[in-house]
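Here is a quick tour of a protein model with a ligand in place. Have the sequence and the 3D view open as you read.

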Amino acid sequence: MNSSPRPALPADLDAVCAVAQSSAFSARWSRAQYGEEIACGRGLFAVVGAEPIRGYLVLRRVSPEAQLVDLAVRPQDQGRGLGRALLDCAAAAARSWGCSRVTLEVSAANAAALRLYLRTGFQVVGRRPKFYNDGADAILMDLLLP
Ligand SMILES: CC(C)(COP(=O)(O)OP(=O)(O)OC[C@H]1O[C@@H](n2cnc3c(N)ncnc32)[C@H](O)[C@@H]1OP(=O)(O)O)[C@@H](O)C(=O)NCCC(=O)NCCS
């Protein structure tokens with residue numbers, strides 16, 4: 001499997017939507033929203049695992065920060081380092097834009113993502129109680145970029 005992330009193309013849209021629909025904690029935007037995000041070029045939309053695509057990440061440039069707004073890996077491909085590869089790619093992109101940090105929010109109920117973020121250097125910087133519809137808190141995390 002090719003585990004090197006690359007920028008998403010409009011032709012990847014169906015595959016991205018399929019990954020999003022298969023992942024419990026993805027943003028699950030509409031097809032039009034993912035298409036707009038790929039087309040707008042205001043940040044990084046990366047995919048990993050060609051034919052088929054196995055994961056994707058959406059990073060927005062909001063200088064002086066970068067915001068991680070969506071990340072998902074197909075359930076059958078999780079645990080193979082693809083999430084970490086996508087996050088490494090995001091950190092490199094944010095650094096290249098001159099950003100001082102990457103920010104994100106994650107459900108306190110999402111143990112796999114929380115562990116991935118902690119393992120890749122993110123730190124907990126805040127909490128929004130009962131932020132999600134299921135009553136889970138939102139955990140705010142930052143990755144400081146040297
Ligand atoms: C979170 C997610 C992207 C991780 O992707 P992944 O490709 O499985 O992650 P990796 O294989 O790169 O794992 C990296 C680290 O994450 C942690 N991790 C990944 N899956 C885990 C799981 N099921 N349980 C506990 N820790 C897990 C581990 O610490 C792992 O590092 P280690 O093996 O060295 O300990 C994936 O589980 C996913 O798509 N989940 C659904 C969508 C989602 O939650 N998105 C994030 C929204 S904020």
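The notes below go through the ligand's surroundings, one helix and a few backbone oddities.

## What we're looking at

Keep in mind that this is a predicted model.

## Around the ligand

Start with the ligand, which has 22 residues around it. The ones that come nearest are Phe 25, Gln 78, Gly 83, Ala 112 and Leu 116. Three elements give two or more residues each to this shell: strand S4 (65–73), helix H3 (82–96) and helix H4 (111–119). Which of them should you click on to see the largest share of the shell? That would be H4, with six residues.

As for chemistry, the shell is a mix. Sorted by class, 11 of its residues are nonpolar, seven are polar and four are charged.

## The two sides of H1

Now move to helix H1, which runs over residues 13–22. Val 16, Val 19 and Ala 20 are its buried residues to look for. Why do these three sit on the same side of H1? Because they cover an arc of only 100° around the axis.

Spin the helix round and the picture flips: the face turned away from the buried side of H1 carries Asp 14 and Gln 21, both exposed. Back on the buried side, the cover comes from several elements, including helix H2 (31–40), strand S2 (43–48), strand S3 (55–62) and S4. S4 is worth a second glance, as this strand also gives two or more residues to the shell around the ligand.

## A cis peptide bond

Next, zoom in on the loop between S3 and S4, where you'll find Pro 64. The peptide bond leading into Pro 64 from Ser 63 is cis, and its omega is near 10°.

## Two positive phi angles

Two residues deserve a look on the Ramachandran plot. Arg 28 isn't a glycine, yet its phi is positive, at about 50°. You'll find Arg 28 in the loop between H1 and H2. Is Arg 28 buried, partly exposed or exposed? Arg 28 has 14 other C-beta atoms within 10 Å, so it counts as partly exposed.

Lys 130 is the other one: again not a glycine, and again with a positive phi of about 50°. Its home is the loop between strand S6 (123–128) and strand S7 (138–144). With 11 other C-beta atoms within 10 Å, Lys 130 is exposed, because the cut-off for that label is 12 or fewer.

Technical notes
Residues are numbered from 1 along each chain as its sequence is written. This is a predicted model: local features need pLDDT of at least 70, side-chain atom pairs count only at pLDDT 80 or more; totals for chains, interfaces and linings use all residues. A residue is near a molecule or strand if its C-beta atom, placed from the backbone, lies within 6 Å of it. Helices (H or I, at least four residues) and strands (E, at least two) are DSSP runs, numbered from the N terminus. Ala, Val, Leu, Ile, Met, Phe, Trp, Tyr, Cys and Pro count as nonpolar, Asp, Glu, Lys and Arg as charged, and the others, Gly among them, as polar. A residue is buried if 20 or more other C-beta atoms lie within 10 Å of its own, exposed if 12 or fewer, and partly exposed in between; C-beta atoms are placed from the backbone. The arc is that of the directions from the helix axis to the C-beta atoms. Two residues are in contact if their C-beta atoms, placed from the backbone, lie within 7 Å.
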